[in-house]
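Visitor: I would like to learn how to read a structure like this one. Please show it to me and take my questions in turn.

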Protein chains: 2
Amino acid sequence: MPGKTINPEEWLTALNESGIRVTAVQETLIDIFAHSGYPLSAEEAWEIARQSRPQTGRATVYRMVEKLENLGLIRRVHGYQGCSHFVPTLPELMMLFICLSCGRADYLDSQPLEDLIQHSEHTSGHHITDSRLQLFGDCRACQENA
Amino acid sequence: MPGKTINPEEWLTALNESGIRVTAVQETLIDIFAHSGYPLSAEEAWEIARQSRPQTGRATVYRMVEKLENLGLIRRVHGYQGCSHFVPTLPELMMLFICLSCGRADYLDSQPLEDLIQHSEHTSGHHITDSRLQLFGDCRACQENA
DNA sequence: TCCTTATTGATACATAGTATCAATAAGGAT
DNA sequence: ATCCTTATTGATACTATGTATCAATAAGGA
């Protein structure tokens, strides 16, 4: 499945500009989330982090995940496999597809979602300020392999 | 906020036809979920259930919630207020709006979502078999009250 | 009414996430 | 370069949420 890439440097910059100090754990976790092709839980990120930094604390990982989510750098994946997994946020590309065969995430152009939201606002009268959309199925690669 | 209604009888029928026995807990929980205007967690449903049936067991409620979800009678609400709340499923109406002010749920016509899915299938090449869409904001009633 | 078996309730356990606090380390002041 | 202040860390304990086990119960057909 083709994947767009993330620039870990930009994440560090975003964290620092929000007043958060630069630490080793930060860089470790940013690398882990930025380079994973599939949704990761805090617990999984903790396991991976301890491979290179065995003294990494569990709570620290949960705290950093919270910060990354608050800054919008990672997004929670809802649905299959629970609600505790995260993927990197790609700006302007917020329609997430998760393959039920290989588990990988793909980001789709979000223009159709923006259109849908605008249409729903007009027909319902509600003021829509946020949305969550997740699509599930078999990705193109898995279909070809089957 | 206008609400469509649920027929608890149909839920009982669906449960029974799936081979599940008719019990008092079933009817209690169906009533609780079918008549709630906002998302309920299993824990909250347990509290409510014990008001009329104090001996109701905690695990029993979780089991029934799982059955109702598996049968598609209730759906998990993802996002704000966590991922452990459920709303009744209205067939063919799967676009859920949650008001961040009053907490109530509204169901929107899902045709735009079906169109979006079909469009995304064609442009991405993925085979989409399931979706989760949640919209958040201020409902029309809350806007008028403000 | 009896009998079989799914369901229940109680309990213990497992998993996910949070609060606390002394120890550490970042980074500005000196 | 060293000190000082304070955010961050790691360890621990705790809470919340969900699951497994199992004897007791009750549904519903024989």
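Visitor: How many disulfides are there over all chains?

Guide: A disulfide is a covalent bond between the sulfur atoms of two cysteines. The rule used here asks for a pair of cysteine sulfur atoms within 2.5 Å. By that rule the count over all chains is zero. Note that this is a predicted model, in which local features need pLDDT of at least 70 and side-chain atom pairs count only at pLDDT 80 or more, while totals for chains, interfaces and linings use all residues. Residues are numbered from 1 along each chain as its sequence is written, chains are lettered from A and ligands numbered from 1 in the order in which they are written, and side-chain values use heavy atoms, with hydrogens and water left out.

Visitor: Why is C83(A) not bonded to C83(B)?

Guide: The closest cysteine sulfur to that of C83(A) belongs to C83(B), and at 3.2 Å it is too far for a bond. C139(A) is in no disulfide either, as its nearest cysteine sulfur, in C142(A), is 3.7 Å away.

Visitor: Is C139(A) buried or exposed?

Guide: Buried means under 20% relative accessible area, exposed over 50%, and partly exposed in between (1.4 Å probe, protein chains only). C139(A) has 1% and is buried. C83(A), at 12%, also counts as buried.

Visitor: What turn lays chain B on chain A?

Guide: Copies are superposed by least squares on the C-alpha atoms of residues with pLDDT of at least 70 in both. Here a turn of 180 degrees with a shift of 0.0 Å along the axis gives an RMSD of 0.1 Å. The two copies are therefore related as by a two-fold rotation axis. In chain B, the residue closest to that axis is L133(B), with its C-alpha at 2.2 Å.

Visitor: How many residues does the contact take from each chain?

Guide: Contact means heavy atoms within 4.5 Å. Chain B gives 34 residues and chain A gives 34 residues. The copies meet through the same surface, because 100% of the interface residues of chain B are also interface residues in chain A.

Visitor: What area is buried between chain B and chain A?

Guide: Buried area is the accessible area (1.4 Å probe) that two parts lose on being put together, summed over both. Here the value is about 2800 Å², and carbon and sulfur atoms give 64% of this. On the side of chain B, L116(B), H126(B) and R132(B) lose the most area to chain A, together 22% of what that side buries.
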